[in-house]
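Biologist: Please take a close look at one helix of this model, and then lead me outward from that part to the rest of the chain, explaining each term as you go.

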Amino acid sequence: MRPTSSAPRSPSRRRFLEVAATAIGATTLLPSLAAAEPLRSPDRAFRLRPGGHLNGFDPWLEIIGDAFRQNVREVARLAGGRPILAVIKNNAYGLGDQLVGPLVASCPEVAGLACTRVAEALAMREAGVRKPILNMAEVCEEEMIELARRNVAASVWLDDAPGLVDRAAKHLKRPVPVHLYLDTGMGREGMPDHRARPWVEALCTRKSARVEGTYMMFTHDLDFDREQLARFVRFTDEAAQAGLRLGTRHAAPSFEVLYLPEAHLDMVRPGNLLFGNYARREELRETPDLRPVFRLCARIVRLERLREGDSASFNRRYIAKTPTWIGLLPIGHTDGYPAQAANTCQVLIRGRLYPIVSVVSSTHTIVEIGEEKTVEVGDVATLIGPDDAAITPNAVAEKTGLGFYAMITKMNALLPKRVV
Ligand SMILES: *Cc1c(COP(=O)(O)O)cnc(C)c1O
């Protein structure tokens with residue numbers, strides 16, 4: 001989105017709204033401005049918060065469909081073609097489960113989705129996901145009923161699971177779909193394998209339960225991972241030999257997809273890899289071909305020429321040493337852009353990088369443009385994205401010292417989003 005003229009002029013609010021409205025297709029909200037640009041196709045529409053509206057100034061997130069599809073293909077290749085149970089938890093690691101869920105589920109390599117909250121499973125069904133969904137966290141009776149109604153499998157791993165399943169099935173008048181979650185040494189969730197046999201028997205032999213799968217989670221200590229895997233395989237093999245039907249066996253999240261191929265079993269269960277994140281270790285034989293899956297954008301809302309000695313933002317954290325233009329972006333750390341980006345990161349505007357200066361406050365970020373006014377009000381700034389090596393999610397996570405996972409899971413759930 002570029003202004004038609006680069007001639008210097010005072011940026012008017014009207015002009016800004018025009019630029020913003022046409023760029024984001026907000027034609028229903030600003031009908032008088034719609035004539036200049038054709039409507040965008042509906043699949044490019046923004047997903048707004050319930051009751052929300054797009055005022056043209058909001059920062060936004062773009063979910064990159066091709067990047068997700070590439071990452072899914074790459075994970076399938078790494079997993080020797082096994083099906084993928086794609087983990088889309090924590091609101092799709094911060095990027096929005098109602099957009100990311102259907103997008104990932106549409107990939108042929110993906111057998112189903114997994115999440116950790118009932119609300120996420122229901123939201124993804126609501127958003128049109130038809131493939132199997134597994135909720136990995138514990139649930140109460142009402143939640144198990146609600147999940148079964150939407151054909152979402154619940155994980156069971158507490159001692160009272162047989163009774164819980166009976167009550168839910170009685171209420172529904174049909175069996176409830178479940179995956180058995182075993183604890184082989186993680187010591188977090190799961191039924192400990194050393195005392196799981198009677199419990200598994202009780203579940204596999206009752207009519208109230210439809211056991212679709214059995215799984216475990218690794219500690220990521222590779223030596224102990226092997227021990228955990230041995231326990232899981234021994235337990236499930238013995239149960240199968242005794243005629244118990246355990247369904248699909250799955251264990252490997254991203255780390256073990258990369259570093260423990262023997263753990264791939266019937267199906268792999270990664271999250272991070274799909275979002276372009278992985279742990280780099282010496283053992284890695286080849287660099288996985290993963291792409292950044294999102295773009296965090298905002299528009300310049302104000303340009304101002306500072307005189308020598310003028311300051312910008314709190315505590316005068318930036319003082320112009322020489323006359324310079326600064327640009328204001330209406331995005332801050334409450335939107336999910338890290339506070340630590342000030343004086344460490346850059347943004348991309350019109351193909352050029354500009355440094356973030358002063359402080360990143362709750363809803364504002366300041367960019368140093370320089371002596372020349374090389375940008376315009378309304379220009380799009382990409383703060384995080386695939387378009388330059390300096391602003392990839394991995395680069396920003398590193399420069400801010402946050403780490404990828406901590407950074408992207410902080411994206412504000414209220415950010416307007418669209419798939420591109
Ligand atoms: C989060 C999670 C995963 C996915 O982990 P990644 O490291 O993101 O691949 C898989 N299984 C369980 C049980 C999880 O909680």
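Modeller: In helix α10, which covers residues 254-259, phenylalanine 255 and tyrosine 259 are about one helical turn apart, because 4 residues separate them in sequence. A helix here is a DSSP run of H or I with at least four residues, a strand is a run of E with at least two, and both are numbered from the N terminus. This is a predicted model, so local features need a pLDDT of at least 70 and side-chain atom pairs 80 or more, while totals for chains, interfaces and linings use all residues. Residues are numbered from 1 along each chain as its sequence is written, and side-chain values use heavy atoms, without hydrogens and water.

Phenylalanine 255 is buried, with a relative accessible area of 12%, and tyrosine 259 is buried too, at 7%. Buried means under 20% relative accessible area, exposed means over 50%, and partly exposed lies in between (1.4 Å probe, protein chains only).

Serine 254 is also part of helix α10, and with a relative accessible area of 10% it counts as buried. Beyond the residues up to four places away in sequence, serine 254 touches Pro270, Gly271, Asn272 and Leu273, where contact means heavy atoms within 4.5 Å. With one of these neighbours there is a pairing of polar atoms: a polar atom of the serine 254 side chain lies 3.3 Å from the backbone nitrogen of asparagine 272.

The rings deserve a wider view, since the structure holds 6 aromatic pairs. One of them joins tyrosine 93 and tyrosine 405, which meet edge-to-face with 5.3 Å from centre to centre and 75 degrees between the planes. This pair links distant parts of the chain, for tyrosine 93 belongs to helix α3 (residues 90-93) and tyrosine 405 to helix α12 (residues 404-408), 312 residues apart. Tyrosine 93 is buried at 3% relative accessibility, whereas tyrosine 405, at 32%, is partly exposed. Back in our helix, the rings of phenylalanine 255 and tyrosine 259 have centres 4.9 Å apart and planes at 45 degrees, so their pair is tilted. Rings of Phe, Tyr and Trp (its six-membered ring) pair when their centres lie within 6.5 Å; planes under 30 degrees apart are stacked, over 60 edge-to-face, and the rest tilted. Tyr93 and Tyr405 also share one aromatic cluster with Phe68 and Phe275.

Phe275 appears again in the largest nonpolar core, a group of 123 residues in which Leu95, Leu113, Met144, Phe275, Tyr337 and Val347 have the most contacts. Helix α2 (residues 65-78) gives this core its largest share, 6 residues. A second, separate core has 7 residues, among them Leu306, Ala312, Ile326 and Val357. A nonpolar core is a set of buried Ala, Val, Leu, Ile, Met, Phe, Trp, Tyr and Cys residues joined through side-chain atoms within 4.5 Å. In soluble globular proteins, nonpolar side chains tend to be buried together. As for leucine 113, its contacts more than four places away in sequence include Leu85, Ile88, Val104, Met124, Val129 and Leu134.

Ala312, from the second core, also has a polar neighbour: the side chain of serine 358 reaches the backbone oxygen of alanine 312 at 2.8 Å. Serine 358 sits in the loop between strands β16 (352-357) and β17 (365-370), yet it is buried, with a relative accessible area of 1%. Leaving aside neighbours within four places in sequence, serine 358 is in contact with Ala312, Ser313, Arg317, Tyr318, Ala342, Asn343 and Ile366.

A strand offers a further example, because alanine 209, placed in β8 (residues 209-216), is buried with a relative accessible area of 12%. The C-alpha atoms of alanine 209 and valine 176 are 5.2 Å apart in space, although 33 residues separate the two in sequence. Apart from residues up to four places away, alanine 209 touches Val165, Pro175, Val176, Val178 and Leu203.

Finally, the whole chain puts these places in context, with 12 helices and 19 strands in its secondary structure. Of its 420 residues, 54% count as buried. Among contacts with a separation of 6 or more, 67% join residues 24 or more positions apart.

Conventions:
A polar contact is a pair of N or O atoms within 3.5 Å; within protein, one must be able to donate a hydrogen and the other to accept it, and residues adjacent in sequence count only if both atoms are side-chain atoms.
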